[in-house]
Each structure stands twice: as C-alpha cells, then as structure tokens.
Amino acid sequence: MALDQLAQSSIWKALKKHQRDISDLQMRNLFAENPQRFDEFSLQWGDFLLDYSKNCIQSATMTLLFELARHAELDSCRDAMFHGEAINSTEGRAVLHTALRNQSGKPVVVDGKDVMPDVNHELDKMRQISDDIRSGRWLGHTGKRISDVVNIGIGGSDLGPAMVTGALKAYHQRDLNVHFVSNVDSAHLLDTVASLDPERVLFIIVSKTFTTQETMANAQSARRWLLQHINDTAAVAKHFVAVSTNANAVLEFGIARDNILGFWDWVGGRYSLWSTVGLPIALAIGIENFEGLLRGAYQMDEHFRTAPLEQNMPVILALLGIWYRNFVGASSYAVLPYSQRLNRLSAYLQQLDMESNGKSTRKNGEPVDYDTGPIIWGEPGTNGQHAFYQLIHQGTEIIPCDFLIAAQGDQPNDEHHDILTANFIAQTEALMRGKTEAEARAELLAADMDVEQQDQLAPHKVFPGNRPSNSILFRKLTPETLGSLIALYEHKVFVQGVIWNINSFDQWGVELGKQLAGVILPKLKQAEPVTGHDASTNGLANWVREMGSS
C-alpha cells in the first residue's frame, strides 16, 4: 500500500488495535513479571547505553513498529540520503550533512561531482583561521591579540554552535571567549559587546545569502560599533570573518576575501554546525576537538547506516516516538539532560525536530490524516525537578521523556555528580512505578496520621506511574560523545519523517512571517497611519508608531 495511505495500511491498523489491547498494562507489573526486561529492552553501542525498558511496550509492540519502518521503506530512504539523492523534494536538493563528517575516505557524489575535496578545503581554511586566532598570530587592526569572538547568526547558525560550545566548556582555551548574538533586539548585541575591547574582538557573520534580516541588522550594528572605536574602515578586514556563499556582498561589507568561508545548499541550517558554521566551536575548543566532534557523528552515521533495525539506536528512539505520538496520543515529549553543560540541548532539539517534522503536508502535496511532529521541550535536571516535573508525574497528559546523563562527571570523585546520578535514576523509577493509594496510606500511617488525615491527604500523594521514559547514558561528555549524541537525534528525526512521509528538510512555515514583516517594516516609519491589513494588524502597528514616537 502506498505511503500516502499510511493511516489505512494494515500495519497502522494493527498498531492501533495493539495499543487498545495493552492500554491497561502497568509497567511495574511488567517488571515484576519479567526480571529480564532491562536486558530485553536496552541497547549498548560503544560508550552509549539506551534503556527503553521503562516504556509502555511489549515485544509485540516493537515487532509491529519495526514492521511499520519496513512498510515505509526506511532502508532505501536512508540509503538515498547517504548517496546524495535529492530527497529534499520541494527544493530539489540533496541532504548531505553526513558528508561534512565523512571519515571513510570514500567519495560522496552530488550531481556527478565528489563533494569531499570542497568539504576538506573549507575544513583546512577553518583550521588555518582557528590556529591563527588561538595561537595569537592573528592580530587586530591595532596589533592586539584577539581575546573575544562574537558569532552573529540566527537559527541553525546560532543554536547548534552555541549549544556545542557551551556543552564543551571543559575544552575551552582560557584566554579566548566565544559569545553568540542572534536576537535582532539590539539589547542582545549591545549587552554582549558592552564589556569587550573593540581592539581585541573578532566578529563571525554567518548568513548563507548575506541577506538574512536579523543577522545583517546585527552585523551592520557590530560594524558601526567597531568603527566608533577604531575610526578606520580598514579595521573591518581584521575584525570580521564571514560564513556565506555571497562573496560579493561580503566583500562590499569590507571583509577580506581570505576571511570568507563557504558552504553548500545541501547543508540545511539546522544541520550546519558540522560545516564552516562550526567555526566558533573550533575557535573555542580547537580544531582537533572539532574533528573529534565530527568523528563521533560519523561513528553514529555508520551505526545508523549499517545496524539492523532491531539493534539501531536512532531507529528505536524514532519508533518509540511514533508509538506515543500516533498510537498513545502524546502531543509533546521532554528532553531532560542531567548536565548543566547540556543546558541548551533541548532548545537545539526544538529546532531540529519541530522545524523538520512540524509539517501537515505529505510529500505528494496531500494533507496528512495523522499526527506528525510533537512539541519538544525540557530543561536540565535537577532544576526541572523543582519546576515542571510535577506535571509529568501527576498531570493529566502523558509526556514521554528522554533522560540523559554521563556516567563520569568532569571532576574525579565528584559527590555532586553522585547526587545528580541518584536523582536521574530515581526520577525514571518514580515515573515508572508511581505510588498506589495503599502505599501512600502506609506512609501516612508511619507518620502517625489518623484515618481522617489519611483520607484527606492520600489522594494527593498517589502517583499514577506508568509514565514512559528512555534513559540515554554515555561514559563522559567529550567532543566525540557529543557528536554521536547530536547525530543520534538527527537520524531519529529523519526516521520519523520517513514514516510520516513528509519532507523533513524544508521549512516553508518560517517564510510567511518574514514576508509580512518586510511589508510592515517600512510602514512603521511612514507619516500616515498604517492601513491595508486586518483591523488587529493595523491597530498594533499604529499603536507602536504612536507610543514609539512619544
């Protein structure tokens, strides 16, 4: 049966029936009945462990889900991506972020051309710039060494590099600080540069077309700020680097040709941290560690590309997500890293997942008749425990969770990490087990409460349990580990897009607002009242014009 009839397929109907059949199962009972449940529903790959035993599933569930993946022809779709076919159908482009971390020595061909020489050429340019700045060979216009780097971008040109740079802070060079500016709100740029020495700052402007409105507004403001302090336009060449394909616009801005790094239209923004967009990462942690990041991603690529579906970590995560989204009815899921260094991971995954699979149109242009991408959210543990875990434990919605932690902390014999780990493990157990009314009453009785008090408090202390979670553990947060972790989620998102038969690699939904902003912007500065829109839009624009000028 064709993929555009997914919801009418026999496997989809079988999964619907299976969910109804097992809807009353309790995970605590499944564990009591099967002491080998952890062994059956866990997977170790390298220094990673995925424990998915705390899910509302049976062996039959996974068998059906793997059949669904085969029905969607996942294997051939995966091969098409790795082979450089134009799987981004609405834009006619290949999807080859995997080529950016290709360590095989084999060619990757797009439109009859091996792209690897170009990839390696740009990586060499990154290496040169990174080495020059980190060693102090690169001097600013007044002869001072660079001490601060400010990356100016938005979306994938900001979220990925910022997340990775923060996550790998243990690998930073102490005398080089890396900052990120994305918001067109001028406060973001002004607050960032307020304490910086303009003679020692390098700006990286990241915009494929060098026309992105928010990025270029910040870039022009950064240029003005620099020239206010160094009254010589020649300084721009020493204090700006560009990552762009529009060389003419970059040169007109004043950036030297040698300071332009390129990339390709087969690299989507949310997959671009592996490319020259990752320059701030290389500056922060060194090119050798950046290459370690690429190596870890490549290793996950190879696992995803070659492992059988039943032992394939991204596939398993993706299918569990399909199970909860389409058959259990969960509208969101939480990503909960027990690592302060990964405090931007959930925000990064929001773009990766929601921009990729937040679609309601199948590849053939027809509307879907099933749910697609869920809402992604989360914060680091243990902070989240004291904020929103209440809703996950006792709220009315089922919210599947991914818990992530390193087995080793940054410091040896770190009692903080022991506390962190204990909380990590306890939360997954609590979500699975819950607390029955009898258990709640027993606790209250042990606290010398009478029957009346027990009757009053017991209902509030009952936890339904049966709340699903995955536990993703890794030995230590290193560049290589982080590369594998990011690639794990990239491939998970890809698998879900294949099954939903949507294009995970375009993002037309972000365009309309940009277009309308371009229409509204000049009207905010005109003398006459704003008209031509709906009453609300006209009213908002005119109120801002009045209040902004008074």
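**Entry 1: the second largest cavity**

I began with the residue classes around the second largest cavity: its lining has 7 nonpolar, 2 polar and 1 charged residues. I kept in mind that this is a predicted model. The volume of the second largest cavity comes to about 70 Å³.

Next I looked up who lines this space. The list includes Leu100, Val119, Glu122, Leu123 and Met126. Trp264, Trp274, Ser275, Thr276 and Leu294 are also on it. Which helix gives the most to this lining? I found that helix α6, residues 116-135, does, with 4 residues.

**Entry 2: the largest cavity**

How many cavities of 30 Å³ or more does the structure hold? I noted 2. The largest encloses about 160 Å³ of space. I wrote down that 16 residues line it, and that Leu320, Gly321, Tyr333, Pro400 and Lys492 are the closest to its centre.

Three elements give two or more residues to the lining of the largest cavity: α14 (313-328), β10 (332-337) and α20 (479-500). Of the elements, α14 gives the most, with 5 residues. By class, I recorded 8 nonpolar, 5 polar and 3 charged residues in the lining of the largest cavity.

A reminder to myself on the idea behind this search: rolling a probe the size of a water molecule over the atoms shows where empty space is left.

**Entry 3: the mixed sheet**

I turned to the strands. One general point first: strands of a sheet pair through backbone hydrogen bonds, either parallel or antiparallel.

I traced an open sheet of 6 strands, in the order β1-β2-β13-β12-β10-β11. The pairing in this sheet is mixed. Which strands sit at its edges? They are β1 and β11 (375-377), and each pairs on one side only. On average, neighbouring strands of this sheet are turned by 15° against each other, direction ignored.

Strand β10 has come up twice now. I met β10 in the lining of the largest cavity, and here β10 is a strand of the sheet.

**Entry 4: the hairpin and its neighbour**

I zoomed in on one end of the mixed sheet. Strand β1 (residues 42-45) and strand β2 (residues 48-51) run antiparallel, joined by 4 bridges. Glutamine 44 has leucine 49 in β2 as its bridge partner. The hairpin of β1 and β2 has 2 residues between the strands. In this hairpin, I found glycine 46 with a positive phi near 55°.

I then checked the pairing of β2 with β13 (residues 469-474). These two also pair in the antiparallel sense, over 4 bridges. Which residue of β13 is the bridge partner of leucine 50? I found isoleucine 472. Aspartate 51 has serine 471 as its bridge partner in β13.

**Entry 5: the parallel sheet**

I looked up another open sheet, of 5 strands in the order β6-β5-β7-β8-β9. The pairing here is parallel. Its edge strands are β6 (177-181) and β9 (260-261), each pairing on one side only.

Inside this sheet I followed β7 (residues 201-206) and β8 (residues 240-243). They pair in the parallel sense over 4 bridges. Isoleucine 205 stands opposite alanine 242 in β8.

**Entry 6: two helices**

Last, I took helix α18 (residues 437-446) and helix α19 (residues 451-461). They pack at an angle of about 130°, and their axes are 9 Å apart. Why do I call this pair oblique? Angles over 145 degrees count as roughly antiparallel, and 65 to 115 as roughly perpendicular. The angle of about 130° fits neither range, so α18 and α19 are oblique to each other. I noted the crossing of α18 and α19 as right-handed.

Methods
Residues numbered from 1 in each chain as written. Predicted model: local features only at pLDDT ≥ 70, side-chain atom pairs only at ≥ 80, totals over all residues. Heavy atoms only, no water. Pairing = 2+ DSSP bridges. 1 Å grid on protein atoms, 1.4 Å probe; cavity = no way out; pocket = protein on both sides within 12 Å on 5 of 7 lines; lining within 4 Å. Points joined across faces, edges and corners; volume = space filled by probe spheres on them. Nonpolar A, V, L, I, M, F, W, Y, C, P; charged D, E, K, R; others polar. Axes fitted to C-alpha atoms, helices over the stretch in contact; angles between N-to-C directions. Parallel < 35°, antiparallel > 145°, perpendicular 65-115°, else oblique. Left-handed = near helix turned anticlockwise from the far one by under 90°.
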